[in-house]
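Here are some short exercises on reading a structure, each with a worked solution. Have a go at each task before you read on.

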Amino acid sequence: VKGETLADTARNLEAMAPDFIVIRHAEPGAPHLLARICRASIINAGDGAHEHPTQALLDAYTIRQHKGRLAGLRVAIIGDIAHSRVVRSNIHLLKTMGASVVVSGPATLIPRDIARLGVETTTRMDQALEGADVVMMLRVQVERQTRGFFPSVREYFQQFGLTQERLRRARPDAIVMHPGPINRGVELASEVADGPASVILEQVTNGVAVRMAVLYLLADGGARDAAA
Ligand code: ASP
């Protein structure tokens with residue numbers, strides 16, 4: 001806002017000799033720029049609509065707590081696929097770990113090239129939910145949308161809002177996730193957000209440990225453990 005470039009901001013931060021810089025930025029790729037010019041470890045805490053790696057790590061940790069594994073699970077990710085950094089990091093992680101991923105949302109919010117990442121796509125939410133072990137709901141990213149991608153919130157909820165009735169299509173032991181902040185009555189009903197399948201607040205709790213682990217490993221804790 002004051003006119004300084006991102007690189008100069010980074011140089012100012014570096015002058016205080018930090019070990020880490022945690023950056024959350026509206027521009028995709030901003031953390032990568034910093035990683036090139038800084039000595040400190042750069043942690044991407046979300047860059048535009050690109051990636052959110054620690055969210056995917058804490059999501060994976062939460063899934064493993066409940067399912068004991070990631071391989072072989074069917075994960076349905078539903079909502080604003082186009083503008084979500086959470087979905088991109090989750091696809092990379094879940095596919096790497098052997099889960100299958102299906103994404104669903106309005107046709108206007110599913111990027112055409114997403115299938116290249118090896119995911120199934122469908123505009124029919126019920127089809128995505130069928131047999132899912134994990135249902136991950138995404139917020140409609142109003143702050144990143146530049147035009148109307150669907151006619152109204154009511155219509156969005158009718159087609160893509162998660163209700164208890166809809167959830168019955170998933171496996172009986174399916175868990176419901178959301179990276180937060182949730183919008184009740186937009187992407188999911190309160191009965192689901194507060195219901196027995198919801199692990200949304202556990203995700204928040206797990207975020208503390210997972211992000212501590214990231215800092216620990218980058219501070220060379222892993223190497224120290226191995227040497228001990
Ligand atoms: N909190 C997540 C993020 O930073 C998800 C969201 O805002 O919808 O991307």
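**Exercise 1: Place M97**

M97 comes out as partly exposed, because its relative accessibility is 41%. (The scale: buried is under 20% relative accessible area, exposed is over 50%, and partly exposed is in between, using a 1.4 Å probe and protein chains only.) A quick note before going on: this is a predicted model, where local features need pLDDT of at least 70, side-chain atom pairs count only at pLDDT 80 or more, and totals for chains, interfaces and linings use all residues. Residues are numbered from 1 along each chain as its sequence is written, and side-chain values use heavy atoms, with hydrogens and water left out.

Task: find where M97 lies and which residues M97 is in contact with, leaving aside neighbours within four places in sequence.

Step 1. Look between α4 (85–96) and β4 (100–104): M97 is in that loop. (Helices are DSSP runs of H or I with at least four residues, strands are runs of E with at least two, and both are numbered from the N terminus.)

Step 2. Leave out the neighbours within four places in sequence, and M97 is in contact with L70 and A71. (Contact means heavy atoms within 4.5 Å.)

**Exercise 2: A buried charge**

Task: work out what the side chain of D47 reaches, and which side chain of opposite charge is nearest to D47.

Step 1. Start with the location: D47 sits in strand β2 (residues 41–47).

Step 2. Check for a partner. D47 is buried but has no salt bridge, and the nearest side chain of opposite charge, R85, is 6.3 Å away. (A salt bridge is a side-chain nitrogen of Lys or Arg within 4 Å of a carboxyl oxygen of Asp or Glu; Lys and Arg count as positive, Asp and Glu as negative, while His and the chain ends are not counted.)

Step 3. Now try polar atoms. The side chains of D47 and N44 share a polar contact of 3.0 Å, and the D47 side chain also reaches the backbone nitrogen of E51 at 3.0 Å. (A polar contact is a pair of N or O atoms within 3.5 Å; within protein, one must be able to donate a hydrogen and the other to accept it, and residues adjacent in sequence count only if both atoms are side-chain atoms.)

**Exercise 3: Follow the salt bridges**

Task: how many salt bridges are there, and which parts does the pair R166 and D126 tie together?

Step 1. Recall the idea: side chains of opposite charge can pair when their charged atoms come close.

Step 2. Count them: the rule gives 11 salt bridges.

Step 3. Take one of them. R166 bridges to D126, with the closest N and O atoms 3.1 Å apart. R166 is in helix α7 (residues 164–167) and D126 in helix α5 (residues 125–129), so this pair ties together parts 40 residues apart in sequence.

Step 4. Compare burial: R166 counts as buried at 19%, whereas D126 is partly exposed at 22%.

Step 5. Try another pair. D133 and R171 form a salt bridge whose closest N and O atoms are 3.0 Å apart. D133 lies in the loop between α5 and β6, and R171 in the loop between α7 and β7, so the pair ties together parts 38 residues apart in sequence.

Step 6. Zoom out: K67, D133, R171 and D173 are linked in a network of salt bridges.
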